[in-house]
Amino acid sequence: KLKQYDIIFGHTQYVNFEHMDRLVTKLRENNVITILDTDDYWDLDISHPLYNIVRTEGLAQKKIDSIKMVDYITTPSPTYASYIQKYNKNVVIFENGVDDALKQYKYIESEKHDKVRILWSGGSSHLTDLTLLEDSFDKLRCDTQVKNKYQLHLVVFDLRGTTTNIDINKDFINELNSMGIPFTKAMLTKL
C-alpha cells in the first residue's frame, strides 16, 4: 500500500523516533521520496522550555539521525541549512516570515502616521532572544532625537493547549500499524 504514495512529508519526524528508521526503509523499498521539515536547531539553549526533555531523552541525536536518513530536508533559514548540510546534503530553503504580498501586511495610504514602526514577532520559547535587543531598546528609549518618533510592537505567540486534531489517511495509519509502527496522531496548531 505504501506504493500509492510518491512523497511523504513531515515535520521533524513521521512517527516516534524509535520507528523512523524502519518506516523510512519501507518507504524507500516502495520508491517513496521522504522529506522532513525542520525549523528548530536540535541543540536547544538552556533557556528553552524543552531543554531538559531534549537532554534527558537524547532528542538532539534522534533528530540528527532522522535528518540523515531521509531523502530531503526543508528549512526556513540559510544559516540553519548550513548546519543541516553536515548531515544531509539535500536541503531546500523555504524562507518564512512576514509575506508582504499578503493584504494584511500592505501599507495602506489612508493610515497616516508620523512614527517608525518596529516589530518583533516570535514564539514564547524565544522570549530570551529579546534579551539580545535590550541594549538597542535602551538606546532608543534614551535617545532624545527619536523620542516619540517610533512605535515598538512586540508580538509573542503562546499556543500551548490550543490544538486541533486532524484526520490522517486511515489506509496509511493501517499500513503503519500492520508494520508494527505505532502512529501518533498528528496535531495542527490553531491560531
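Asparagine 31 is exposed, with a relative accessible area of 67%, in a model that is predicted. The residue sits in the loop between helix 1 (17-29) and strand 2, and its phi is near 55 degrees, a positive value in a residue other than glycine. Beyond this loop, the points below cover a second asparagine with positive phi, a parallel sheet of four strands, a nonpolar surface patch and five salt bridges.

**Asparagines with positive phi**

- Asparagine 31 has a relative accessible area over the 50% cut-off, so asparagine 31 counts as exposed.
- Asparagine 148 also has a positive phi, near 65 degrees, in a residue other than glycine.
- The loop that holds asparagine 148 runs between helix 5 (134-142) and strand 6 (150-157).
- With a relative accessible area of 58%, asparagine 148 is exposed.

**The four-stranded sheet**

- The sheet is open and has four strands in the order 1-2-3-4, with parallel pairing.
- Strand 1 and strand 4 are the edge strands, and each of them pairs on one side only.
- From one strand to the next, the twist averages 25 degrees.
- Five bridges pair strand 1 with strand 2 in the parallel sense.
- Within this pairing, glycine 10 has leucine 36 in strand 2 as its bridge partner.
- Strand 2 (residues 33-37) and strand 3 (residues 72-75) run parallel and are joined by three bridges.
- Isoleucine 35 has its bridge partner in strand 3, namely tyrosine 72.
- Strand 3 is also joined to strand 4 (residues 91-93) by three bridges, and these two strands run parallel.
- Threonine 74 stands opposite valine 92, which belongs to strand 4.
- Between strand 3 and strand 4 the chain passes through helix 4 (residues 78-84), and this β-α-β crossover is right-handed.
- In a regular strand, side chains alternate between the two faces of the sheet.

**Nonpolar surface patch**

- Six residues are listed in a nonpolar patch on the surface: Ile7, Phe9, Ile33, Tyr72, Val92 and Phe94.
- Together the patch residues have about 560 Å² of accessible area.
- Isoleucine 7, one of the patch residues, lies in strand 1 (residues 7-11).
- The relative accessible area of isoleucine 7 is 46%, so this residue is partly exposed.
- Tyr72 of the patch is also the bridge partner of isoleucine 35.
- Val92 of the patch is also the residue that threonine 74 stands opposite.

**Salt bridge between helix 3 and helix 1**

- The structure holds five salt bridges, and one of them joins the side chains of lysine 62 and glutamate 18 at 3.2 Å, N to O.
- Lysine 62 belongs to helix 3 (residues 59-69) and glutamate 18 to helix 1, so the pair ties together parts that are 44 residues apart in sequence.
- Lysine 62 counts as partly exposed, at 26% relative accessibility.
- Glutamate 18 counts as exposed, at 56% relative accessibility.

**Salt bridge between a loop and helix 2**

- Aspartate 43 and arginine 55 form a salt bridge in which the closest N and O atoms are 3.0 Å apart.
- Because aspartate 43 lies in the loop between strand 2 and helix 2 (51-57) and arginine 55 lies in helix 2, the pair ties together parts that are 12 residues apart in sequence.
- Aspartate 43 is partly exposed, its relative accessible area being 37%.
- Arginine 55 counts as partly exposed too, at 44% relative accessibility.

**Salt bridge within helix 5**

- A further salt bridge is formed by the side chains of aspartate 138 and arginine 141, at 3.4 Å from N to O.
- Aspartate 138 and arginine 141 are three residues apart in helix 5, so about one helical turn separates them.
- Aspartate 138 has a relative accessible area of 36% and is partly exposed.
- Arginine 141 has a relative accessible area of 54% and is exposed.

Terms used
Residues are numbered from 1 along each chain as its sequence is written. This is a predicted model: local features need pLDDT of at least 70, side-chain atom pairs count only at pLDDT 80 or more; totals for chains, interfaces and linings use all residues. Side-chain values use heavy atoms; hydrogens and water are left out. Patches are made of residues with over 30% relative accessible area and no salt bridge: like charges are joined within 9 Å, nonpolar side chains (Val, Leu, Ile, Met, Phe, Trp, Tyr) within 5 Å. Accessible areas come from the Shrake-Rupley method with a 1.4 Å probe; for residues, only the protein chains shown count as cover. A salt bridge is a side-chain nitrogen of Lys or Arg within 4 Å of a carboxyl oxygen of Asp or Glu. Buried means under 20% relative accessible area, exposed over 50%, partly exposed in between (1.4 Å probe, protein chains only). Two strands pair if DSSP finds at least two bridges between them. A crossover is right-handed if, with the strands pointing away from the viewer, the path from the first strand over the helix to the second runs clockwise. Axes are lines fitted to C-alpha atoms, for helices over the stretch in contact, and angles run from 0 to 180 degrees between N-to-C directions.
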